[in-house]
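Visitor: Good morning. I am new to this structure and would like to go through it step by step.
Guide: Certainly. Here it is.

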Amino acid sequence: MNRPLLLKLLSAAIVFGAWEIAGRIPVSYALPTFFEAMAALFRMAFDGSLWTAYAETLKPLAIGVLISAVLGITIGLWVGLSKWFDWLFSPIFIVMQAAPLAALIPLLVMMYGIGLTSKVFVVCIMAMPVIVLNTAGAVRNTPTSLTEMGRSFQASWWEVILKIVIPAASPVIFSGLRLGVSAGFIGAILSELKITPTGVGDIITYSRSIADYASMYAAIFSIIVLAVIFLNLLEKLEFYLFEGNARGYASD
Amino acid sequence: MAMPQTETVHETATTAAPDIAVSARNVSKNYGPVEALKDLSLEFPRGQLTSLLGPSGCGKTTLLKIIAGLLEPSGGDIQVDGKAVTGPGPDRAFVFQDFALLPWASVIRNVAFGLELRGINKSEREDIASRYIKDVGLAGFEHSFPHELSGGMRQRVGLARALSVDADVLLMDEPFSAVDEQTRRKFQEDLLALVANENKTFIFVTHSIEEAVYVSDQIAILLPRPSRVSDIIRPTGLREKDSTSIRRDPEYLDIVDEIWASLRSYVE
């Protein structure tokens, strides 16, 4: 077994151990032990309630993240490439990023009801600004000499974008995607807590109301695990698409 | 102006009118109210190396980028082989001061990048690229990445990329200014061999007087505000000399001194 993996396991053991001890003291009556939470997680996994909940939660999450990624990167590219688009779009996303989302939710519910649309909106509002702004910033900072190099060897406008601008911007675009996706997870859960309790948000709300704290923590735990797995997959995708990014860049 | 002795040698040297590969005719470039270049005319003989030398801010890089087609002149035009330049073309290749290598691409992909953009298929362009990688002395580094190379090796990659598209005119923008002194000297010697062996026209921007005199067939001295060609110097006896003895030659030393005398008042 290699060392990084060993250290990762050790760090997990420390966190879960601390949780177990805090649960046994107990720090609060609302805090189950780690093993109680895991037992609740397995129970929900086996009786199927966890999977039905995720089928519900993943709908706005997947749709919202997909829209945010595709639209966010496209708009980000345009904003980064053209001053005109920058003036037009940047303020919208800066305001979106700064706005307290919880305050906007009642407004969204009034406009789009309590269904899927509102929830997708919440995910997008959370995820899109950071994707757009990161992409735009990265594109804007493409080294001029690289684009001049492309042009001097007669690259077309498209070739400059595809072979120089996007690969050069890809590390920052992907870090924007990672931030955007984690914000999207927050948005998905927030919408289920604030709009209508469905899916994982429903497990959390319902278990709390009947004081089944083990199930509540199990649901929270599972969503964190899912987010971590997803971010790791995203990293794999980055290295698959832009294998150079794993190698580190020249400093100058 | 100064330099009577080089002027006289110049007259005798150019009895056979040289073939002109590139000419700049009345080129002007304005950035808003700032005049970077004003009514500048200059001719670049085929198969020779012409340096553009001058204090910083004299517009030498601007002129080079206009010749490359990367910048549009505000007035006047550039002709390459009698055809007016409207943009970058296959007849010119550029070597960048900061190398401009793709950090995510291997040496061979970087060298072949110009050919890739011209739509040449992969096996053919990698054949050509590996030949030029060998020529510039980087055999064995085909699959290394730019960050694994020293500054000098990176510029060799930039040079191989420019050579591999086989353009008639090589435009070099202070190509050796970002490498260390010893590497620079080696580069200058290699450049002399390159000019002698390849039938290409070299246009070379530099701010080093010694470098310009060492490598050039013709030195155009540009003075700023507004930029103009103040003098053209053609060293005559240096090409026949061995590359290691040029720096001891009296003509070399005289020209270096004269250029410095004419430039010193423009240096803050």
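Visitor: What is the strand order in the open sheet of 6 strands in chain B?
Guide: The order is 6-7-8-3-9-10, and the pairing is mixed. Strands here are DSSP runs of E with at least two residues, helices are runs of H or I with at least four, and both are numbered from the N terminus. Two strands pair if DSSP finds at least two bridges between them. Please note that this is a predicted model, in which local features need pLDDT of at least 70 and side-chain atom pairs count only at pLDDT 80 or more, while totals for chains, interfaces and linings use all residues. Residues are numbered from 1 along each chain as its sequence is written, and chains are lettered from A and ligands numbered from 1 in the order in which they are written.

Visitor: Which are the edge strands?
Guide: They are strand 6 (92–95) and strand 10 (228–233) of chain B, each of which pairs on one side only.

Visitor: And what joins strand 6 to strand 7 in chain B?
Guide: The two strands of chain B run parallel and are joined by 4 bridges. Phe94(B) stands opposite Leu171(B) in strand 7 of chain B.

Visitor: Strand 7, then: how many of its residues are buried in chain B?
Guide: Strand 7 (residues 169–173) of chain B is mostly covered, with 5 of its 5 residues buried. A residue is buried if 20 or more other C-beta atoms lie within 10 Å of its own, exposed if 12 or fewer, and partly exposed in between, with C-beta atoms placed from the backbone.

Visitor: Which of them point one way and which the other?
Guide: Val169(B), Leu171(B) and Asp173(B) point one way from strand 7 of chain B, whereas Leu170(B) and Met172(B) point the other way. In a regular strand, side chains alternate between the two faces of the sheet.

Visitor: In what sense does strand 7 pair with strand 8 in chain B?
Guide: Strand 7 and strand 8 (residues 201–206) of chain B pair in the parallel sense, over 5 bridges. Leu171(B) stands opposite Ile203(B) in strand 8 of chain B. Between these strands the chain passes through helix 6 (residues 181–197) of chain B, in a right-handed β-α-β crossover. Right-handed here means that, with the strands pointing away from the viewer, the path from the first strand over the helix to the second runs clockwise.

Visitor: What about the far end, strands 9 and 10 of chain B?
Guide: Strand 9 (residues 218–223) and strand 10 of chain B pair in the antiparallel sense over 5 bridges. Ile219(B) stands opposite Ile233(B) in strand 10 of chain B.

Visitor: Where does strand 4 of chain B form a hairpin?
Guide: It does so with strand 5 of chain B, with 2 residues between them, and Asp81(B) in the turn has a positive phi of about 55°. Strand 4 and strand 5 (residues 83–84) of chain B pair in the antiparallel sense over 2 bridges. Gln79(B) has Ala84(B) as its bridge partner in strand 5 of chain B, and Gln79(B) in strand 4 of chain B is also the bridge partner of Ser23(B).

Visitor: Turning to chain A, how many helices and strands are there?
Guide: Chain A has 10 helices and 0 strands. Its C-alpha atoms fill a box of roughly 70 × 55 × 30 Å along the principal axes, and buried residues make up 35% of its 252 residues.

Visitor: Where does helix 3 of chain A bend?
Guide: The bend is at Leu58(A), by about 35°, and Pro60(A) follows within four residues. The bend is the angle between axes fitted to the seven residues ending at a residue and the seven starting there.

Visitor: And which residue follows helix 5 of chain A?
Guide: Gly113(A) follows, with a positive phi near 75°.

Visitor: Why does Leu41(A) count as partly exposed?
Guide: Leu41(A) counts as partly exposed because it has 19 C-beta neighbours inside 10 Å. Leu41(A) is found in helix 2 (residues 34–47) of chain A. Leaving aside neighbours within four places in sequence, Leu41(A) is in contact (C-beta atoms, placed from the backbone, within 7 Å) with Ala218(A), Phe221(A) and Ser222(A).

Visitor: Finally, how many residues of chain A are in contact with chain B?
Guide: There are 18 residues of chain A in contact with 20 residues of chain B. Helix 7 of chain A gives the largest share of chain A's side, 6 residues.

Note on methods. Contact = placed C-beta atoms within 7 Å.
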